[in-house]
Structures are given as C-alpha cells and as structure tokens.
Amino acid sequence: MTAVEAKQDTFDSLNPATDELVGSHPIHTADDVAAAVARARDAADWWAGLGFAGRADRLQRWKGVLTRRAAQLAEVVHAETGKPHADAMLEIILAIDHTSWAAKNASKVLGRKRRPAGLLMSNHAATVEFLPLGVVGVIGPWNYPVFTPMGSIAYALAAGNAVVFKPSEYTPGVGRWLVDSFAEVVPERLVFQQVTGFGETGAALCRAGVDKLAFTGSPATGKKIMAACAETLTPVLIEAGGKDALLVDVDADVEAAADAAVWGGMSNAGQTCVGVERVYVHEKVYDSFVAKVVEVAKDVRAGADAGAQIGPITMPGQLKIIQRHIADALARGGRALVGGADAVGERFVQPTVLVDVPEDSAAVREETFGPTLTIAKVADMDEAVEKANDSRYGLAAAVFSKRRGMELARRLRSGMTSINGVISFAGIPSLPFGGVGESGFGRIHGQEGLKEFARPKAIARQRFKAPLVLTTFSRTAKTDATVAKLVTLLHGKRR
Ligand code: NAD
C-alpha cells in the first residue's frame, strides 16, 4: 500500500479550464504526516542499503515506466493544470532525463573518494563520501507539477533518501501518479510516499522531523517554511519565484531573440518560475525587436481548444495579480502593443506585450506569473545589466548577443543564464538549478543537486605512526620546536 491511511476530510482537484472534478484527495493531518515520516524512516535504511547500483537499477526502471506511460501522466497534468498536452509532455521528458542522470551519476558524485592528507598529516589516508540524510520532505508547486518536484525527488532518491512528498493542492493527482508508478518498481518498502492537503499539511511536514525540507513555491511561503523548519533546525532548500530578464544586444539575432522572448514569456501561460518577464533591448535594435515580438505574440492564443497554444491560469487567485500589474503599467504611462486591459478573462489571460512601463511599477518589480512581457529600451548593455540586476529576485536570465554573450551572462545576478536561448539550462541535467536573493538558495540538478541531499562524511585513517606525534600529553618541547620550524619552512616565506 502506498497511500497514507486517511480517515479525515478530503478536498477536490478541479480542471481549471472547466471546473470539472479531476479527483478527491485526503487532507492529511499533522498525525498522518508524522506517521508517513515514521514509515519513511523505516524504508530509508532499506533503500540506503541497496547501494548506488541497486538504487540506480530501480530508478532506471522507474524512468522506463515514466517514459512508456508519459502520455497518461501528461493527461493528468493537463487535467489538473489546464496546460496543453504537448507542454505537459515536454516537462515529463525533462524529468525523465533528469531521473536518468541522477541515477547514473550518483555513485560517481557521492561515492567515497581520497583527498590529499597534506604534509603535516602525511601518515594519514583521508577520504570523503556523501551519505544519505535519511528522510527528505518535498513540498511542490503546481506550475510544473512533474519537472519541478522531480528535481528534488529523483535526486534525493538517487542519493539514498526516502521521500515524503506534499504536492500542491492544485495537482495532487500528478503526485499520486508519481508515487504509484514508483511503487511498481519499488514494491518492498514505502520509499516514496505522498501526503496531501493545503498549507497546514505542508507546515506539518516541516515539523515532522524530516532530515531536510526541499521547497519549491513562492518566496512568501518559502519564508514560512524556513520559520517552521527553524524550530527543529531542519535544513531547507528554497526554490522560489523569479522576475527573469532577457537582454538583447546590438549584434543579436533579433528574430531569434523575439521568438525566444515570446515563448519564454508566454509558454505555460507565463506560469514559469524561470519564464521571461522583462526584456531590455539595445536602442539600435529596439524597434525591429518590438515589431517582431508583436508579430509573433499576436498569433499566440489562450484557450481550452486544441488550437490554443496556452491554457488557463491554473490558480484563480493569480488572475487578480496579473490584472493589477497590467492596469498599473497602463495607468503609469505604459502602452499595450498586444493584449492589455481586456486580456484578463475569467480563466484565461491573452498574451500582453507592454512598453514604456516605469521601472518601479509592479509589472517590472513583482513576479506577474502570467503571459505578459515588459520591453524597455536601453542605451547600452551596461544599463541593461544594471536594470536586470535591480531586483530582489535572482533566479534565471537570458542574453542574446553574438560577441558579448558570456561576459554579460556572467555579470547577471542570477543562478542560471541562457545565451542565445531561453531556459536552456533546465534541459541540461549536469547543470545546477536554483537562485539567489528572494529566489531562494540551495541547488537541485547536477552534482550540486545530488550533494544537496547528502551529508559529507570525512574520515582520516592513520596508516603508520608519525615521527612527530602532536595529539598526546607526552609531547615534548623538542617536538613542538621541530613542528614550529617545519611550519615556518612551509608557510612562513610569503610576506
Ligand atoms: P505556493 O508557495 O503558494 O505553494 C507551494 C507549496 O507550498 C504548495 O504545495 C502549498 O500547499 C505549500 N504551502 C503553502 N503554505 C504553506 C505553509 N505555510 N507551510 C508549508 N507549505 C505550505 O506556490 P505555488 O503557487 O504553488 O507556486 C508558484 C510559485 O512557485 C511561483 O512563485 C514560482 O515562481 C515558484 N516556482 C519556483 C520554481 C523554482 O524552481 N525556483 C519552480 C516552480 C515554481
């Protein structure tokens, strides 16, 4: 059995495009969550005991199940988030690739390695290895309900931990699907479980004695998570929101940049943590860039029909925020070249391209999480970098430039940057993913993502007795003098 026993209330997950019922799920109490964590602790020892090869085998088999039944999972994602089936497939494909990478590389990244012992301790063999933490709690959002939590789940499992997952209340069916499919390849123990409910269930997971809590969601909730975890000194990983900028240099491929800006800003109806929200364009290519963006964005339509490229706004409360950002931008002198005041409907938001928006307005400073872009003209790329970096967020960014891509990318205060593309880093499993500032801290994906769910264990083994023994009360003054001379010889030359 993979479900947590539920005697209590349930809640419904609805299709945001139609309000049709997708499924009912238990609201797990603090006691239920504690029981799930206790079961996970049991399973964690068994799972760790399988070793890297045993776990890799199970994870690769799980990857096979995910791949063969991707269309079925995409159907659940589509039903619960409203996003087009093809977009759901895209995030599932990325998650599959990451799961495979984590399984394949965990041994190499986390396994025992020798470290140089240094001259003073040359009679020792020094090793470090990265051991599992035990039980990892994962709290996820709804916008990429497969790809986003799997960045923590797959990497935590590969590192040898059991996982208790609390999916968003908007996408519990997706979480259920993931847990059930994992149980098909790991039927022996409850290595990967799900608890469902609202914020209180998530808060209970923070307080349930997990060894680490990996959170993905808004900065406001991230602060609550940290506060709850602080009570028990439970370490946290925070993957929060962003206000990502795209820079267009004077020598950029303007057509490609415009196409990328529209896709980066509008795909998934703009509900992407690393989506493009702001664009800064060199004045010499501004007009041609804006014209191309308008041409491309005009053909993008939100709707529930098969011809629509983007779906509904999944979380109804977000509609008001998007509307406020657009209205504020227009009231303060901004102009809508596509969409505008009427773009926000009851469920769908049509693409909106805003120009001449003051830099201190909500549409430029706060995460909009809708299919909107602000485009601003800059005199040069120094101004573009300065404006892009003037944000309390720092998740990702993009640069379009032929000559200066690397230089500009390195100057951007963000965890990830794509050059001549958008969101490219997310598809490269070896690259770490995470932000700075209010976008959070810690990393999923890549080596760093595996190490995030492990504790370094250092061991110093004495191989033979040293001529100079320092760690004894029978140490002589002669030994001290010899050591002092040795240290001076080693480190005393440089003034
Ligand atoms: P959210 O913060 O509202 O909710 C996220 C999760 O936290 C949900 O499962 C929710 O039930 C839970 N939660 C709510 N209150 C809680 C509490 N007090 N204690 C514990 N858990 C609690 O975020 P959301 O609306 O689901 O997701 C959208 C946000 O996520 C955006 O800001 C987006 O940028 C961000 N996001 C970030 C990344 C990233 O990798 N950095 C990825 C995807 C989404």
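These legends accompany three close-up views of a predicted model.

**View 1. Helix α3 and its surroundings.** Let us begin with α3, which covers residues 70-81. At 1.5 Å a residue, its twelve residues should span 16 Å, and the C-alpha atoms at its ends are indeed 16 Å apart, so the two values agree. Buried residues of α3 include Ala70, Leu73, Ala74, Val76 and Val77, and towards its end Ala79, Glu80 and Thr81 are buried as well. What do the buried residues of α3 pack against? Their partners are the strands β1 (10-14) and β2 (21-26), together with the helices α2 (51-68), α4 (85-110) and α6 (172-185). After α3 comes Gly82, with a positive phi near 85°.

**View 2. The open sheet of three strands.** Here the order is β3-β4-β18, with antiparallel pairing. Which are the edge strands? They are β3 (113-115) and β18 (454-462), each of which pairs on one side only. From one strand to the next, the twist averages 30°. Nine bridges link β4 (residues 124-132) to β18, and Val128 can be found opposite Ala458 of β18.

**View 3. The open sheet of seven strands, with helix α11.** This sheet has mixed pairing and runs in the order β12-β13-β14-β11-β10-β15-β16. At its edges, β12 (335-338) and β16 (416-419) each pair on one side only, while the twist averages 25° from one strand to the next. For a parallel pair, look at β13 (residues 352-355) and β14 (residues 372-378), joined by four bridges; Val355 stands opposite Ile375 in β14. Helix α11 (residues 318-331) lies across β12, β13 and β14, at about 35° to β13.

Methods
Residues are numbered from 1 along each chain as its sequence is written. This is a predicted model: local features need pLDDT of at least 70, side-chain atom pairs count only at pLDDT 80 or more; totals for chains, interfaces and linings use all residues. Side-chain values use heavy atoms; hydrogens and water are left out. Helices (H or I, at least four residues) and strands (E, at least two) are DSSP runs, numbered from the N terminus. The expected span of a helix is 1.5 Å times one less than its number of residues. Buried means under 20% relative accessible area, exposed over 50%, partly exposed in between (1.4 Å probe, protein chains only). Contact means heavy atoms within 4.5 Å. Two strands pair if DSSP finds at least two bridges between them. Axes are lines fitted to C-alpha atoms, for helices over the stretch in contact, and angles run from 0 to 180 degrees between N-to-C directions.
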